[in-house]
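Colleague: Got a minute to go through this model with me? I'd like to start with the contacts.

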Amino acid sequence: MQKEAFEKKYLECSNCGYTTHDVLKGRTSKAAFEGVVQCTKCGRVFSTVLRIPKIIKIPTIISDGPVSEKIVTEFEENDIVTVGDEFIIKDGRRLKIRSLDIGDNQRRKNAKIQDVKTMWVQQFDFLNLKVTINDNGRSYSKKIKAEPDDEFIIGQVLAIAETEYYVHAIKTCDRLVTKGIAEGRDIIRIYAKRKRNSSKPLS
Ligand SMILES: [Zn+2]
């Protein structure tokens, strides 16, 4: 009979290589977990000791235009961070790494967390996405607010200032989307056309 495990641990099974294990019994101290686990794929049971990674505190600067705020963020000692990584802090704000300072004015695109002296981040609860609109041969730009998780679909209708436009292409970090979906976080520019029967005149 299969019993619902209370907890799962992620480590590599030496028998099958799978990484998800049910905890059959164990205890956790400050420094380590010690117990018996079972591979959820091949069923191998073994006892293990897993050291709990230390938490490293990193001075972090949230910059938002001319305003910046100093906070401390927490990472696990083995973490590797990369410019562009996103994470959420305890108060719920979403942050994205803009720059990693490893001391002596050196900046890196990625680094081991232990090497990072200061992390520069940007809050991005809302993105300001650029929309290029084609309106009967005329072209102009607008901006819309979106969340990083928001999905934009080719063919969907966008209402901007009470005028309706439909999305016909989306430029993302690595391609031009003309079919399908793109997430707000990846979008560089949206291309839209004014709907013919959209009622309100342009402002
Ligand atoms: Zn296994």
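Colleague: Of the contacts in the protein chain between residues at least 6 apart in sequence, what share joins residues at least 24 apart?
Modeller: That share is 41%. A contact here is two residues whose C-beta atoms, placed from the backbone, lie within 7 Å. Bear in mind that this is a predicted model, where local features need pLDDT of at least 70 and side-chain atom pairs count only at pLDDT 80 or more, while totals for chains, interfaces and linings use all residues. Residues are numbered from 1 along each chain as its sequence is written.

Colleague: Fine. How many helices and strands does the protein chain have?
Modeller: There are 0 helices and 20 strands. Both are DSSP runs numbered from the N terminus: helices are H or I with at least four residues, strands are E with at least two.

Colleague: And what is the radius of gyration of the protein chain?
Modeller: The protein chain has 24 Å, where a compact globule of 203 residues would be near 17 Å. That radius is taken over C-alpha atoms, and the globule rule is 2.2 Å times the number of residues to the power 0.38. Along the principal axes, the C-alpha atoms fill a box of roughly 70 × 55 × 30 Å.

Colleague: Which domains is the protein chain divided into?
Modeller: Domain 1 covers 8-51, domain 2 covers 55-123 and domain 3 covers 127-194. Those bounds come from an automatic or database domain assignment. Between domain 2 and domain 3, the C-alpha centres lie 30 Å apart.

Colleague: How much of the protein chain counts as buried?
Modeller: 12% of the 203 residues. Buried takes 20 or more other C-beta atoms within 10 Å of a residue's own, exposed takes 12 or fewer, and partly exposed is in between, with C-beta atoms placed from the backbone.

Colleague: Which residues make up the largest nonpolar core, then?
Modeller: There are 10 residues in it: V131, F152, Y165, I170, V177, A182, I187, I190, Y191 and A192. Strands β17 (163-172) and β20 (187-194) each supply at least two of them, and the largest share, 4 residues, comes from β20. By a nonpolar core I mean a set of buried Ala, Val, Leu, Ile, Met, Phe, Trp, Tyr and Cys residues joined through C-beta atoms within 7 Å.

Colleague: What is A192 in contact with, leaving aside neighbours within four places in sequence?
Modeller: A192 is in contact with V131, I133, L158, Y165, Y166, V167 and H168. There is also a second, separate core of 8 residues, which includes V81, L100, V116 and V121.

Colleague: Let's take V81. Why does V81 count as buried?
Modeller: Because V81 has 21 C-beta neighbours inside 10 Å. V81 sits in strand β7 (residues 80-82). Beyond four places in sequence, the contacts of V81 are I97, L100, N110, A111, I113 and V116. V81 and N110 are 29 residues apart along the chain, with C-alpha atoms separated by 5.5 Å.

Colleague: Switching to sheets: what order do the strands of the 4-strand open sheet have?
Modeller: The order is β1-β2-β3-β4, with antiparallel pairing. Strands β1 (8-10) and β4 (45-51) are at the edges with a single partner strand each, so one side of each has no neighbour in the sheet. From one strand to the next, the twist averages 45°; axes are lines fitted to C-alpha atoms, for helices over the stretch in contact, and angles run from 0 to 180 degrees between N-to-C directions.

Colleague: How many bridges pair β3 with β4?
Modeller: Strand β3 (residues 32-39) pairs with β4 over 7 bridges, antiparallel. Pairing means DSSP finds at least two bridges between two strands. G35 is opposite T48 in β4.

Colleague: V45 is in β4; is V45 buried or exposed?
Modeller: V45 is exposed, with 11 other C-beta atoms within 10 Å. Leaving aside neighbours within four places in sequence, V45 is in contact with L24, V36 and Q38.

Colleague: Last thing, backbone angles. What is phi of D104?
Modeller: Phi of D104 is near 50°, positive in a residue other than glycine. D104 is in the loop between β9 (94-101) and β10 (107-108), and D104 is exposed, with 6 other C-beta atoms within 10 Å.

Colleague: And where is E162?
Modeller: E162 is in the loop between β16 and β17, with a positive phi of about 65°. Strands β16 and β17 form a hairpin with 2 residues between them, and A161 in that turn has a positive phi of about 50°.
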